[in-house]
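Thank you all for coming this morning. I would like to walk through one structure with you slowly, beginning with its overall layout and then turning to some of its details.

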Amino acid sequence: MDDHGTLPLTGTAYAHLFRPGYVHRDLYADPAIFAQEMRHLFGRTWVYVGHESEVPNVNDFMMRSIGRRPVIVTRLDSGDIAVLINRCTHRGALVCRTQRGNAPGFTCGYHAWTYRNDGSCIGVPLKHAYGADFHPRQNSLMRAPRVQSYRGFIFASMNEAVPPLIEHLAGARQMLDQWLDRDGGRPVLVRNGEMQFLTHANWKTVYDNAGDGYHPPFSHTSMLRVFAERYGDVDMQYYSQNFDESPILSKDLGNGHTMLDQRPAMHAHSAWARQHVQPGREVMEAALISQHGRERALQMLDDSTGSGMNLNIFPNLLIIGNQIQLLEPQAVNRTVVRWFSTTLEGAPPEINATRMRMQEDFPSFGEVDDTAQFESCQRGLEDVPELEWVDIRRHMSTGAGRVDTDGLWREPISSDLHLRCYYDAWRRIMEAGEAARQ
Ligand code: FES
Ligand SMILES: [Fe+2]
């Protein structure tokens, strides 16, 4: 993709929702469009369903979703990951109703049809009533036809013909590599609990915000002021000046994936030194220096401090700092947002403790600001039918974009590049879904 939000499209089913620099409010407020997104978008592309470290052992499982479809992500005897559609082939009940656990199979709570964790149906009570040619195995659970992992990140697709995951990830792959390769590339563990909340907003509002480098100094004023007044020039204080002139930037990674890259400012000297005060900071730093020497200890702390990346992998995976955020659309105006903290396998306990302290910080302190904006946008978009259009014009015509040294397109941090890029992907996938239906 090389035109960053202006791709020519062949289908026209959704053309009325777009005009240059604007998208229509129906994208956020119309339940019919939401239903089509669940069918065409989440049903046709790759969707993030979890991390391999969440199901490390044979028979581990967890409940997730592909759009609204409930699924079970489980590890088979072979070590492979399967994604089962959590819908009994009898009358449709959920066969698994426990968020996570370890089990070789699932028995539906309604009439006790039983399935192995590869999906095969192995038990049907009183099965004589179905006739002599009835075989349980013909009633096995559906499985997501495509499941692939990239360095621990598990994606599934309901679309047999979806392009390979690597192709789909496009430029996001090299950014994921950079995220994973910090501190010697120790394996990431997603096993430390999560923070989950329901917001009364459309799922795309959350995705819009993840790539929005325009709002931080305004939406997060109180947070930035507290840090500035107590600790001085730390954390994201570079947002206090004309931040479009600062080295931080927005990037198009292709296929609707984008990134806010704060590393040029956050990591310019020492990411650890920029990190504001947190409980135990001096003690952890001193312990690491005594064990590993000053240079190595500070390097480890730099590598483990917030990544400086907001990596947005369309449509539902957001990597923010050291954290993984998963979006679960529930309805046109309801979204579950799940924040997963990460630690590193084999890292010194002080490093993982430091990561945990940092990860407690932003969702607790900053996400409330963002969530207030999500719900406020939803109110305005749902309740004012006379005003139909949503503005996504920032830096569309300033000529400030250019190809970066890594070959990827970049624009100033406050650009709406991310919206223009992901709506291109949205239209391409949705139009293809519509065409396939006809
Ligand atoms: S609905 Fe599952 S056994 Fe009847
Ligand atoms: Fe924010």
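Which domains does the domain assignment of the protein give? It gives two entries, namely domain 1, which is made up of residues 15-43 together with 170-437, and domain 2, which covers 47-150. Please keep in mind throughout that what you see is a predicted model.

Let me begin with the whole protein, which contains 14 helices and 24 strands. Its radius of gyration is 23 Å, close to the 22 Å that the globule rule gives for 438 residues, so the protein is as compact as a globular protein of that length. If you turn the C-alpha trace along its principal axes, you will find that it spans about 75 × 60 × 40 Å.

Now to how the domains meet. The C-alpha centres of domain 1 and domain 2 lie 32 Å apart, and the contact takes 17 residues from domain 1 and 10 residues from domain 2. On the domain 1 side, the elements that give two or more residues are helix H4, at 172-180, strand E13, at 188-189, and strand E19, at 323-331. Of these, E19 gives the most, with four residues. Sorted by class, this side of domain 1 has 12 nonpolar, two polar and three charged residues.

I would like to move on to helix packing. Two packed helices are described by the angle between their axes and the distance between the axes, and I will follow that custom here.

The first pair is helix H5, residues 203-210, and helix H13, residues 367-383, which pack at an angle of about 130 degrees with their axes 10 Å apart. H5 and H13 are therefore oblique to each other, and H5 passes H13 in a right-handed crossing. From H5 the contact uses Thr-205, Val-206 and Asn-209, while H13 contributes Asp-370, Gln-373, Phe-374, Cys-377 and Gln-378. Those residues divide into three nonpolar, four polar and one charged.

Next come helix H10, residues 281-292, and helix H11, residues 294-304, whose axes come within 7 Å and cross at roughly 130 degrees. That angle makes H10 oblique to H11, and here again we have a right-handed crossing as H10 passes H11. Glu-285, Leu-288, Ile-289 and His-292 of H10 meet Arg-294, Arg-296, Ala-297, Met-300 and Leu-301 of H11, so that, by class, the contact has five nonpolar, one polar and three charged residues.

H11 also packs with helix H12, residues 349-365, where the axes come within 10 Å and cross at roughly 35 degrees. The crossing of H11 past H12 is right-handed. Met-300 and Leu-301, which we have just met in the contact with H10, take part in this contact too, together with Ser-304 of H11 and with Ile-351, Thr-354 and Arg-355 of H12. The residues of this contact divide into three nonpolar, two polar and one charged.

Finally, let me point out some backbone details. Where is the cis peptide bond that joins Phe-314 and Pro-315, in terms of the loop that holds Pro-315? Pro-315 is in the loop between strand E17, at 309-313, and strand E18, at 317-320, and omega of the bond is about 10 degrees. The other detail is Leu-126, a residue other than glycine whose phi is nevertheless positive, near 50 degrees. Leu-126 lies in the loop between strand E10, at 121-123, and strand E11, at 146-150.

Note on methods:
Residues are numbered from 1 along each chain as its sequence is written. Chains are lettered from A and ligands numbered from 1 in the order in which they are written. This is a predicted model: local features need pLDDT of at least 70, side-chain atom pairs count only at pLDDT 80 or more; totals for chains, interfaces and linings use all residues. Axes are lines fitted to C-alpha atoms, for helices over the stretch in contact, and angles run from 0 to 180 degrees between N-to-C directions. Angles under 35 degrees count as roughly parallel, over 145 as roughly antiparallel, 65 to 115 as roughly perpendicular and the rest as oblique. A crossing is left-handed if the near helix is turned anticlockwise from the far one by less than a right angle, and right-handed if clockwise. Two residues are in contact if their C-beta atoms, placed from the backbone, lie within 7 Å. Domain bounds come from an automatic or database domain assignment. The radius of gyration is taken over C-alpha atoms; the globule rule is 2.2 Å times the number of residues to the power 0.38.
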